[in-house]
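Please take a moment with the sequence and the model shown here, and then follow the paragraphs below, which go from one site to the next.

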Amino acid sequence: MSFVFQPAPPISLPVAGTDARFPVRRIYCIGKNYAEHVREMGGDVERSEPIFFTKAAETIVQSESEIPFPPHTENLHYEVELVVAMGPDGIFGYGVGIDMTRRDIQATAKQRGGPWDRAKSFSHSAPCSKITPKANVNLDGAHIVLRRNGDIVQSSSLDKMIWSIPEIIGRLDADMDLQAGDLIFTGTPAGVGPVISGDELSGGVEGLEPIRVRIT
Ligand code: MN
């Protein structure tokens, strides 16, 4: 097959314990999946249903990378999240991601009822750790944490998720026909906040590879 210009190389993430990489297809994200975070954003937990949005695969950033502070925002936020990585036979493994968000653009989009793409799917907006194959992982009650410049700013437990991983997968699969290579960012706990140039973000979930990036 020939192309009129060179196609972009496939997007992929390293996999713990092997040189083979995880090829990223699509990125689905869940909003409003921890009650304390719904409250800090001014939402109503009782009537809240998790929401779905996407990031382009090209927004993936590997751990130990630098993230340029994006244009058109004065309020760039971190959101640490468990990432589920889908394989040919269900869940392949898990990672730790940071759903970088231009919060000011998101607020305007919410007011206008418009799409979130500019707030959520900009360049370098999806840092993600190495993927750990599921056979090596037990996430029952696992702690999730984000440190900004060494200080803990987000700290919770995966069992606080409103929608469980099987529920999220069931819903997404029914709606979107999940495929091998799809990543699912499963929502963030409370404590989201802004970063400035020079900040280092370091996220972890017990039993998984960490994610660490620096804002430049
Ligand atoms: Mn998020």
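In this predicted model, E79 and E81 are both buried. These two residues also belong to a metal site, for the manganese ion is coordinated by E79 and E81 through their OE atoms and by D99 through an OD atom, at 2.0 to 2.1 Å. Along the sequence, the donor residues of the manganese ion follow the spacing E-x1-E-x17-D, a pattern that can be traced by eye from E79 through E81 to D99.

From the metal site, E79 leads on to a lysine, since the side chain of E79 makes a polar contact of 3.4 Å with the side chain of K120. K120 is found in helix α3, which covers residues 117–120, and the side chain of K120 is also joined to that of T101 by a polar contact of 2.8 Å. Is K120 buried or exposed? K120 counts as buried because its relative accessibility is 2%, and the cut-off for that word is under 20%. When neighbours within four places in sequence are left aside, the residues in contact with K120 include E79 and D99, both of which are donors to the manganese ion, and the list also holds F53, K55, M100, T101, R103, Q106 and S125.

One of those contacts, R103, is the next stop. R103 lies in helix α2, made up of residues 103–112, and with a relative accessible area of 8% R103 is buried. A polar contact of 3.0 Å joins the side chain of R103 to the side chain of H77. Again leaving aside neighbours within four places in sequence, R103 is in contact with E79 and K120, as well as with M41, N75, H77 and V192. E79 therefore appears both among the contacts of R103 and, as was seen above, among those of K120, where 2% relative accessibility counts as buried.

The last part of this walk concerns the cysteines. A disulfide is a covalent bond between the sulfur atoms of two cysteines, and the structure holds zero of them. Why is C29 without such a bond? The closest cysteine sulfur to that of C29 belongs to C128 and is 11 Å away, which is too far for a bond, given that a disulfide calls for sulfur atoms within 2.5 Å. Seen from the other side, C128 is likewise in no disulfide, with the sulfur of C29 as its nearest cysteine sulfur. C29 counts as buried at 0% relative accessibility, and C128 is buried too, with a relative accessible area of 0%.

Terms used:
Residues are numbered from 1 along each chain as its sequence is written. This is a predicted model: local features need pLDDT of at least 70, side-chain atom pairs count only at pLDDT 80 or more; totals for chains, interfaces and linings use all residues. Side-chain values use heavy atoms; hydrogens and water are left out. Helices (H or I, at least four residues) and strands (E, at least two) are DSSP runs, numbered from the N terminus. Buried means under 20% relative accessible area, exposed over 50%, partly exposed in between (1.4 Å probe, protein chains only). A polar contact is a pair of N or O atoms within 3.5 Å; within protein, one must be able to donate a hydrogen and the other to accept it, and residues adjacent in sequence count only if both atoms are side-chain atoms. Contact means heavy atoms within 4.5 Å. Donors are N, O and S atoms within 2.8 Å of the metal (3.2 Å for Na, K and Ca); water is not among the atoms, so sites may look incomplete.
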